[in-house]
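Trainee: I have a model open and would like to work through how its helices pack. Can we take it one question at a time?

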Amino acid sequence: MSVACNKKSSLTLLTSLGHLTTKLVFVIQFRAHRIEIMWEVTLIQNYANFIKHHLKDKEKKCSTKYLNELEKFSEGLVTATNISKIFSGISAPTSRHYYASILYTTLINRMIGFGMTLPYNSIGNIEAEYCDHGTAAVITRSIYEIRLCFHYLCIDICSDDEFECRLNLFNLHDCSTRIKIIDNECIFFEEQAEILKEKIKSNNFFSKFTPKKQAEILKSKTHFLYPLAEISTKAGISEEIFKIIYPMLSTHVHCLPFSFYRSGQKNRGLGIHCEIEDMYLTFYLEICSTILHDSSTEYAAMWKPYTDLVQKKYTL
């Protein structure tokens, strides 16, 4: 199936030099059980102001629902960056807090990337009326998986033995991946992988699994002890919704026929605004806004008892 392109489907990127004049500075310093995150959040705040005020004067090709969701998302992004700033500079009291700092920062970065794919965004000094829900879908699935990792490793309540088992499986999966990718350091990671396998085998929680399940875990083909649908349910997204959202987003990640077979019909897949693009982008915004809100609430709650350890410059 071919898609005919014409002048109407050509794209114009308008560089906006006046809307944003500051840059985002993101610095992470990793130390043993310590992470310091420094944010200059003016860029994101300007982005939110742009969405809230500038759109009122523009020709609104997008639906009202889309624009409302975009404003909600931009406000959530401002809140998230401020939360990250508030709780920066605190020594992580536990491994959960340490990895929460890393994953929450990763989540915000991915959200910024997601925002840059949206029509009428103004991140990175570029204003674009470009519509491609496929690109947004790819990043949305990544955001979904960050959410699962964040909740599973840092928020979900479990025993100390189970947490150690979860964390060591993450470490084992990391080693296994590096063995496949980095040839010149294989021996080191192979040794580390064996050490981690022994740690997992000696874990009391691990012993509760059946021999078959134990063998599967030690192969480290996945970094989770449980199915994604189960983890998703605990993270606030039901199994029924997961079974719809995750496969749909995955079709764009893997370029399955579902993701492109109807390109060209009613202008979908051409990079220009149309009803179907608007609908999908609105849906992805709703998903990402929910994930951002839930993760920000959980992150703030887990760090709040330690705010006396750092002088705060911002308020929630």
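Trainee: At roughly what angle do the axes of H9 and H10 cross?

Mentor: This is a predicted model. In it, the axes of H9 and H10 come within 13 Å. The crossing is left-handed, and the angle is roughly 120 degrees.

Trainee: How are H9 and H10 oriented to each other, oblique or roughly perpendicular?

Mentor: Roughly perpendicular covers 65 to 115 degrees. The axes cross at roughly 120 degrees, which is outside that range. H9 and H10 are therefore oblique.

Trainee: Which residues of H10 meet H9?

Mentor: On the H9 side, the residues are Ile-245, Met-248, Leu-249 and His-252. Their partners in H10 are Tyr-280, Phe-283, Tyr-284 and Ile-287.

Trainee: Is His-252 buried or exposed?

Mentor: His-252 lies in helix H9. Buried means under 20% relative accessible area. The value for His-252 is 15%, so the residue counts as buried.

Trainee: Leaving aside neighbours within four places in sequence, what is His-252 in contact with?

Mentor: One partner is Tyr-284, a residue of H10 that meets H9. Others, His-133, Gly-134, Ala-137 and Val-138, are among the H4 residues in the contact between H4 and H9. The full set is His-133, Gly-134, Ala-137, Val-138, Ser-259 and Tyr-284.

Trainee: How are H4 and H9 oriented to each other?

Mentor: The axes of H4, residues 133-155, and H9 come within 8 Å and cross at roughly 125 degrees. H4 passes H9 in a left-handed crossing. Over 145 degrees would count as roughly antiparallel. H4 and H9 are therefore oblique.

Trainee: Which residues of H9 make the contact with H4?

Mentor: H4 contributes His-133, Gly-134, Ala-137, Val-138, Thr-140, Arg-141, Tyr-144 and Glu-145. From H9 come Phe-242, Ile-245, Tyr-246, Leu-249, Ser-250, His-252 and Val-253.

Trainee: Where is Ile-241, and how many Å separate its C-alpha atom from that of Ala-229?

Mentor: Ile-241 lies in helix H9. With a relative accessible area of 41%, Ile-241 is partly exposed. Ile-241 and Ala-229 are twelve residues apart along the chain, and their C-alpha atoms are separated by 9.2 Å.

Trainee: How are H3 and H10 oriented to each other?

Mentor: The axes of H3 and H10 are 11 Å apart, and the packing angle is about 155 degrees. H3 passes H10 in a left-handed crossing. Angles over 145 degrees count as roughly antiparallel. H3 and H10 are therefore roughly antiparallel.

Trainee: Which residues of H3 meet H10?

Mentor: The H10 side includes Tyr-284, Leu-285, Cys-288, Ile-291 and Trp-303. Tyr-284 is also one of the H10 residues that meet H9. The H3 residues are Arg-96, His-97, Ala-100, Ser-101, Tyr-104, Leu-107, Met-111 and Phe-114.

Trainee: How far apart are the end C-alpha atoms of H3?

Mentor: H3 runs over residues 95-115, which is 21 residues. At 1.5 Å a residue, the helix should span 30 Å. The model agrees, with the end C-alpha atoms at a separation of 30 Å.

Trainee: How many residues of H3 are buried?

Mentor: H3 is largely enclosed by the rest of the structure, as the count of buried residues shows. Of its 21 residues, the number buried is 15.

Trainee: Which residue caps the N-terminal end of H3?

Mentor: A side-chain oxygen of the capping residue lies 3.3 Å from the backbone nitrogen of Arg-96. The cap is Thr-94.

Trainee: What is the C-alpha distance between Met-116 and Ala-136?

Mentor: Met-116 is found in the loop between H3 and strand S4. Its relative accessible area is 46%, so Met-116 is partly exposed. Met-116 and Ala-136 are 20 residues apart in sequence, and their C-alpha distance is 9.1 Å.

Trainee: Phi of Ser-220 and of Cys-255 is near 50 degrees. Which of these residues is buried?

Mentor: Cys-255 lies in the loop between H9 and H10, and at 51% relative accessibility counts as exposed. The other residue is in the loop between H7 and H8. Its relative accessible area is 6%, so the buried residue is Ser-220.

Notes:
Residues are numbered from 1 along each chain as its sequence is written. This is a predicted model: local features need pLDDT of at least 70, side-chain atom pairs count only at pLDDT 80 or more; totals for chains, interfaces and linings use all residues. Side-chain values use heavy atoms; hydrogens and water are left out. Helices (H or I, at least four residues) and strands (E, at least two) are DSSP runs, numbered from the N terminus. The expected span of a helix is 1.5 Å times one less than its number of residues. Buried means under 20% relative accessible area, exposed over 50%, partly exposed in between (1.4 Å probe, protein chains only). A polar contact is a pair of N or O atoms within 3.5 Å; within protein, one must be able to donate a hydrogen and the other to accept it, and residues adjacent in sequence count only if both atoms are side-chain atoms. Axes are lines fitted to C-alpha atoms, for helices over the stretch in contact, and angles run from 0 to 180 degrees between N-to-C directions. Angles under 35 degrees count as roughly parallel, over 145 as roughly antiparallel, 65 to 115 as roughly perpendicular and the rest as oblique. A crossing is left-handed if the near helix is turned anticlockwise from the far one by less than a right angle, and right-handed if clockwise. Contact means heavy atoms within 4.5 Å.
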